[in-house]
Amino acid sequence: MSQTYQGPDRVAVQGPPGCAGGQLQGQRHEQQDSYGWVVDPGFRRIGEQRVLLVADGMGGHAGGATASRTVIEAFVEGFRNTRGAISERLEDSLWRANRTVANAVRESPSLRGMGATLVAAHIAGGRFLRWLSVGDSPMWRLSNGKLMRLNRDHSMTPLLRQLVELGYMTPGEAAMDRRHHRLRSVVMGADIPLIDLQDDAVELEPGDILIVASDGIETLGENEIAAIATANATSPAAMVTALLGAVRAKRMPRQDNATVVVYVHRPSGTRANR
């Protein structure tokens with residue numbers, strides 16, 4: 001089973017058990033984020049696997065939307081048609097998506113420069129988490145009330161933070177620097193200089209919440225995200241609705257597209273409210 005979504009305001013789409021996703025267009029002219037999931041029934045001694053996906057497009061009016069949708073669809077197709085170690089399936093699916101973007105640009109030169117970030121969160125047996133990510137789209141784990149970012153940020157933000165720590169910039173200078181959202185790695189049909197691949201499984205505890213999003217959700221602070229997710233932990237769909245509603249309530253004049261996909265880990269035999 002697999003699904004891919006892209007739209008202006010598609011809130012609280014119910015996914016596989018424990019999952020939901022949604023989008024907010026914000027103040028942009030179009031929705032350039034895409035999200036989706038794929039469920040693999042497993043084979044041999046490997047049980048059910050699911051992959052939660054978010055891509056944030058870039059590359060102009062037509063290119064951004066096309067890029068994110070292309071990356072998600074190609075990744076899903078690649079994952080469904082490969083076998084082997086999980087890390088190999090994730091990497092093979094990424095390179096399939098990258099080649100598909102390259103082919104699309106060759107066929108339509110007007111799309112030149114398009115690309116997308118990608119987060120692919122792989123969950124085996126409902127609790128063993130691995131991931132692959134490229135770009136700056138965040139993935140958090142909420143456990144015992146504490147929100148922790150899991151994947152690496154491939155924007156300039158970590159480098160600017162490091163310059164502050166080394167004394168080359170003041171915190172104020174770093175905060176005003178316009179390079180914060182400049183990407184150091186992206187899926188755009190060429191070399192991908194930075195890939196965050198977590199091959200060793202992170203075991204989720206009962207009640208843990210996984211949040212995969214585009215950077216538009218970062219209109220909310222991490223404390224706000226944690227509080228909203230905790231308050232809606234019994235229903236993934238309600239959690240998505242509340243998170244996107246809080247972003248909308250900020251009424252930011254240049255609000256970016258915001259996409260969020262959540263997964264709530266529950267022990268076998270329990271069910272979350274829809």
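User: In this predicted model, in which strand is leucine 129 found, and is the residue buried or exposed?

Analyst: Leucine 129 belongs to a strand that covers residues 128-134, namely S8. Its relative accessible area is 0%. Buried means under 20% relative accessible area, so leucine 129 of S8 is buried.

User: Which residues is leucine 129 in contact with, leaving aside its neighbours within four places in sequence?

Analyst: Neighbours within four places in sequence are set aside here. The contacts of leucine 129 are then Ala121, His122, Ile123, Leu150, Asp200, Ala201, Val202, Leu204 and Leu210.

User: How many Å apart in space are leucine 129 and tyrosine 263, C-alpha to C-alpha?

Analyst: In sequence, 134 residues separate leucine 129 from tyrosine 263. In space, the C-alpha to C-alpha separation of the two is 11 Å.

User: Why is S13 described as largely enclosed by the rest of the structure?

Analyst: Both faces of S13 are covered. On one side the buried residues are Ala258, Val260, Val262 and Val264, and on the other they are Thr259, Val261 and Tyr263. S13 is largely enclosed because the number of its residues that are buried is seven of the seven.

User: Which strands do bridges join to S13, and what are the partners in S13 of glycine 21 and isoleucine 211?

Analyst: Strand S3 (residues 19-24) runs antiparallel to S13 and is joined to it by six bridges. S12 also runs antiparallel to S13, with five bridges. The joined strands are thus S3 and S12; the partner of glycine 21 is valine 261, and that of isoleucine 211 is valine 262.

User: Which members of the largest nonpolar core touch the most other members?

Analyst: This core holds 27 residues. Strand S5 (49-58), helix H1 (60-80), helix H2 (86-107), strand S7 (118-124) and S8 each supply at least two of its residues. Another core, of 25 residues, lies apart from it and includes Ile209, Ile211, Ala226 and Ala229. In the largest core, the members that touch the most others are Leu53, Val71, Phe75, Leu94 and Leu118.

User: Which residues of helix H5 are buried, and what do they pack against?

Analyst: Helix H5 covers residues 222-231, and its buried residues are Ile225, Ala226, Ile228 and Ala229. These residues pack against strand S9 (139-143), strand S10 (146-149), strand S12 (209-213) and helix H6 (236-250).

User: How are H5 and H6 oriented to each other, and which handedness does their crossing have?

Analyst: The axes of H5 and H6 come within 9 Å and cross at roughly 140°. The contact is made by Glu224, Ile225, Ile228 and Ala229 of H5 together with Met239, Ala242, Leu243, Ala246 and Lys250 of H6. Angles over 145 degrees count as roughly antiparallel, and H5 and H6 are therefore oblique to each other. The handedness of the crossing is right-handed.

User: What is the phi of asparagine 144 and of arginine 251, and are these residues buried or exposed?

Analyst: Most residues other than glycine have a negative phi. Asparagine 144 lies in the loop between S9 and S10, and arginine 251 in the loop between H6 and strand S13 (258-264). Although it is not a glycine, asparagine 144 has a positive phi of about 55°, and arginine 251, also not a glycine, has a positive phi of about 55°. With relative accessibility of 78% for asparagine 144 and 73% for arginine 251, both residues are exposed.

Notes: Residues numbered from 1 in each chain as written. Predicted model: local features only at pLDDT ≥ 70, side-chain atom pairs only at ≥ 80, totals over all residues. Heavy atoms only, no water. Helix = DSSP H or I, 4+ residues; strand = E, 2+ residues; numbered from the N terminus. Buried < 20%, exposed > 50% of the residue type's maximum accessible area, 1.4 Å probe, protein only. Contact = heavy atoms within 4.5 Å. Core = buried A, V, L, I, M, F, W, Y, C linked by side-chain atoms within 4.5 Å. Pairing = 2+ DSSP bridges. Axes fitted to C-alpha atoms, helices over the stretch in contact; angles between N-to-C directions. Parallel < 35°, antiparallel > 145°, perpendicular 65-115°, else oblique. Left-handed = near helix turned anticlockwise from the far one by under 90°.
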